[in-house]
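Subject: Structure handover and notes

Dear colleague,

I am passing on the structure we spoke about, so that you can have it open while you read. My notes on what was found follow directly below it.

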Amino acid sequence: MRTGDTGIAPGTDSDFVAVAFIARIHGLRGDVKVVQLSDDPDRIYSLNKVYIVSKNGETKESCIKNIKAIKGGFVVSLSTVLSASDAQHIVGSYISVPQDEVPEPGKDRWYHYEIIGIEVFTTGGVRLGKVEEIITTGSNDVYIVRNNDREYLIPAIRDVIKDVDTKKRRMVIAVMDGLIEM
């Protein structure tokens with residue numbers, strides 16, 4: 001069970017899903033270095049029309065003109081970014097797509113934005129809290145569930161995660177020995 005890395009662009013409602021983070025300017029022509037947020041390594045190559053979503057939620061439509069893979073990410077040329085000065089204004093923003101353009105994640109897979117904020121219950125019906133953060137590890141994600149002063153680290157594995165209903169915003173987990181103190 002893995003969670004896809006694509007998430008809601010911060011500062012926005014759920015209309016846009018971030019697929020890459022604009023990390024810095026690359027060169028003098030307005031290209032930017034981006035870090036892909038999707039766990040599909042080819043996802044960025046499938047994009048054409050995108051939306052640049054700034055930290056404060058401003059959204060601007062653009063098109064990807066060129067993509068080049070480099071160590072630690074990609075260099076991207078955007079149709080609306082014509083200079084290094086233009087590029088400087090979008091550093092820290094997200095390259096995003098409308099949520100309805102995000103591919104289905106597949107069986108027993110969810111996007112981070114679908115899991116963050118979901119209510120977590122035990123198979124016995126005890127509410128543990130909400131997923132507030134996700135730690136991505138090499139083998140499985142770990143959901144950080146908080147409820148007031150309590151925090152639980154829940155591994156996203158089949159033995160623990162019994163049901164996820166993203167529409168009802170509810171997750172049911174099996175409590176294994178040593179997993180949580182109740």
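Let me begin with one pair of charged side chains: R146 forms a salt bridge with E132, and the closest N and O atoms of the two are 3.2 Å apart. R146 lies in strand β12 (residues 141–147) and E132 in strand β11 (residues 127–136), so this pair ties together parts of the protein that are 14 residues apart in sequence. Please keep in mind throughout that the model is a predicted one, and that the distances are therefore to be read as properties of a predicted model.

R146 has further partners. A salt bridge also joins R146 to E133, with 2.8 Å between the closest N and O atoms, and because E133 is in strand β11 while R146 is in strand β12, this second pair ties together parts that are 13 residues apart in sequence. R146 forms a salt bridge with E151 as well, where the closest N and O atoms are 2.8 Å apart. Taken together, E132, E133, R146 and E151 are linked in a network of salt bridges. As general background, side chains of opposite charge can pair when their charged atoms come close.

As for how far these residues are open to solvent, R146 is partly exposed, with a relative accessible area of 23%, and E132 counts as partly exposed at 42% relative accessibility. E133, at 35% relative accessibility, is partly exposed, and E151 is likewise partly exposed, at 45%. The structure as a whole holds five salt bridges. On the overall charge, the protein has 23 positive and 26 negative side chains, and the centres of these two sets lie 4 Å apart.

Turning to the fold, the protein has two helices and 15 strands, and its C-alpha atoms fill a box of roughly 60 × 30 × 25 Å along the principal axes. Of the 182 residues in the protein, 43% are buried. Among the contacts with a separation of 6 or more, 54% are between residues 24 or more positions apart. The accessible surface comes to about 9,800 Å², and carbon and sulfur atoms account for 48% of that surface.

What does the side chain of S62 make polar contacts with? One partner is the side chain of S79, at 3.3 Å, and another is the side chain of T80, at 2.8 Å. S62 has its place in strand β6 (residues 59–70), and since its relative accessibility is 2%, below the 20% cut-off, S62 counts as buried. If neighbours within four places in sequence are left aside, the residues in contact with S62 are N48, K49, V50, I52, L78, S79 and T80.

Two further strand residues may be worth a look in your viewer. V35 lies in strand β4 (residues 31–36) and is partly exposed, with a relative accessible area of 33%. The C-alpha atoms of V35 and A20 are separated by 5.4 Å, although the two residues are 15 residues apart along the chain; not counting residues up to four places away in sequence, V35 touches A20, F21, A23 and G72. R109, for its part, is found in strand β9 (residues 109–111) and is partly exposed, with a relative accessible area of 29%. The C-alpha atoms of R109 and A156, which are 47 residues apart along the chain, are separated by 9.9 Å.

Finally, there are two backbone angles to note. Most residues other than glycine have a negative phi. N148, however, has a positive phi of about 55 degrees although it is not a glycine, and N148 has its place in the loop between β12 and β13 (150–155), where it is exposed, with a relative accessible area of 78%. R169 also has a positive phi, near 60 degrees, and is a residue other than glycine. R169 is found in the loop between β14 (161–165) and β15 (170–173), and it is partly exposed, with a relative accessible area of 29%.

With best regards

Key: Residues numbered from 1 in each chain as written. Predicted model: local features only at pLDDT ≥ 70, side-chain atom pairs only at ≥ 80, totals over all residues. Heavy atoms only, no water. Helix = DSSP H or I, 4+ residues; strand = E, 2+ residues; numbered from the N terminus. Buried < 20%, exposed > 50% of the residue type's maximum accessible area, 1.4 Å probe, protein only. Contact = heavy atoms within 4.5 Å. Areas by Shrake-Rupley, 256 points an atom, 1.4 Å probe, with all protein chains shown as cover. Lys, Arg positive; Asp, Glu negative; His and termini not counted. Charge placed at Lys NZ, Arg CZ, Asp CG, Glu CD. Salt bridge = Lys/Arg side-chain N within 4 Å of Asp/Glu carboxyl O. Polar contact = N/O pair within 3.5 Å; in protein donor to acceptor, adjacent residues only side chain to side chain.
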